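This report concerns a single protein model. Please consult the sequence and the structure shown below while reading.

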Amino acid sequence: MKRLRKVFQMFVTGCLAMALLANPVLAADGGVRVGSYKGNVLEIGERSALVIGPSGPAYSAASSNPEVVAVEQVLTFWVAVAKAEGTAEIVVSDGSNTGKLTLTISPAQVPAAVDLNANMDIRLKMVQYINEVRRANGKAELPVNEALMNAAQDVSSQCVTEHRPYDHKALVRYGWPHGGMYNLSVFGAFDTEDIAQRAVANWINSPGHYETMLMEESTCLGTGVTIDGGRAYCYMVVGDPNSYNFYG
């Protein structure tokens, strides 16, 4: 949890700094500035840090229509959560001055059809090997979670070689609104016998990926494997129900 909390705080702090410089919204009285890091139009399921200034005061935030846009306080920051199609006004106050922001929520884009059951035998072997690594290090085994399995398979089907916000948005789309940490491994593969073992071995030999496999805060696990053009695209994701998905 400490790792995710630190990552979240660094991410949001950077977002606030960039957004305040780029496009703050100034209240009519010149008091509270409020904006949305991801802009004023969000998709259902997205979360966007509220950009509030000046820094220093303790702010409160409220939504005129929580069924469309809810607001949550994460650490010391406020986050807008897109719930349903429509519009809502966010009002931020320091007790004396207020700032307002109108957000419009549009339907989430639906990705192309993905075979969520593809390569399930390899994916379950991967789960087995990951849990063997966890047991060897005194960590609890992780059960598979359907939402995480589906999200990981969707992400693997994109056949990309780097992490993107898409990875975390997939978690929300398949029913996991919390945080998660992904591992990715891509390598040449012309048969399927050792793909799961090779992927886990690659993660063991990479300190950051190894740490993800051993996360104590995680409670469940998902894996995805796509074989395309002689290459295997392997993903794993561990979920922490007590963390926030700030990309969602």
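The text that follows treats salt bridges and one strand hairpin.

The model is a predicted one, in which local features need pLDDT of at least 70 and side-chain atom pairs count only at pLDDT 80 or more, whereas totals for chains, interfaces and linings use all residues. Residues are numbered from 1 along each chain as its sequence is written, and side-chain values use heavy atoms, with hydrogens and water left out.

**Salt bridges**

The structure contains 6 salt bridges, a salt bridge being a side-chain nitrogen of Lys or Arg within 4 Å of a carboxyl oxygen of Asp or Glu. Among them are the pairs in this table.

| Acidic residue | Basic residue | Closest N and O atoms |
|---|---|---|
| Glu72 | Arg47 | 2.6 Å |
| Glu141 | Arg135 | 2.5 Å |
| Asp154 | Arg173 | 3.3 Å |

The bridge between Glu72 and Arg47 ties together parts that are 25 residues apart in sequence, because Glu72 belongs to strand β5 (residues 69-74) and Arg47 to strand β3 (residues 47-53). Helices (H or I, at least four residues) and strands (E, at least two) are DSSP runs, numbered from the N terminus. Accessibility is described as buried under 20% relative accessible area, exposed over 50%, and partly exposed in between, with a 1.4 Å probe and protein chains only. On this scale Arg47 is buried at 8%, while Glu72 is partly exposed at 24%.

In the pair formed by Glu141 and Arg135, Glu141 is partly exposed, with a relative accessible area of 43%. Arg135 likewise counts as partly exposed, at 46%.

Asp154 and Arg173 also form a salt bridge. Since Arg173 lies in helix α4 (residues 165-173) and Asp154 in helix α3 (residues 146-157), this pair ties together parts that are 19 residues apart in sequence. Asp154 is buried, with a relative accessibility of 0%, whereas Arg173 is partly exposed at 32%.

A network of salt bridges links Lys38, Glu46 and Lys169.

**The β10-β11 hairpin**

Strand β10 spans residues 220-228, and 7 of its 9 residues are buried. Its partner is strand β11 (residues 231-244), with which β10 pairs in the antiparallel sense over 9 bridges; two strands pair if DSSP finds at least two bridges between them. Asp228 has Arg231 of β11 as its bridge partner. The two strands form a hairpin with 2 residues between them. In the turn, Gly229 has a positive phi of about 60 degrees.
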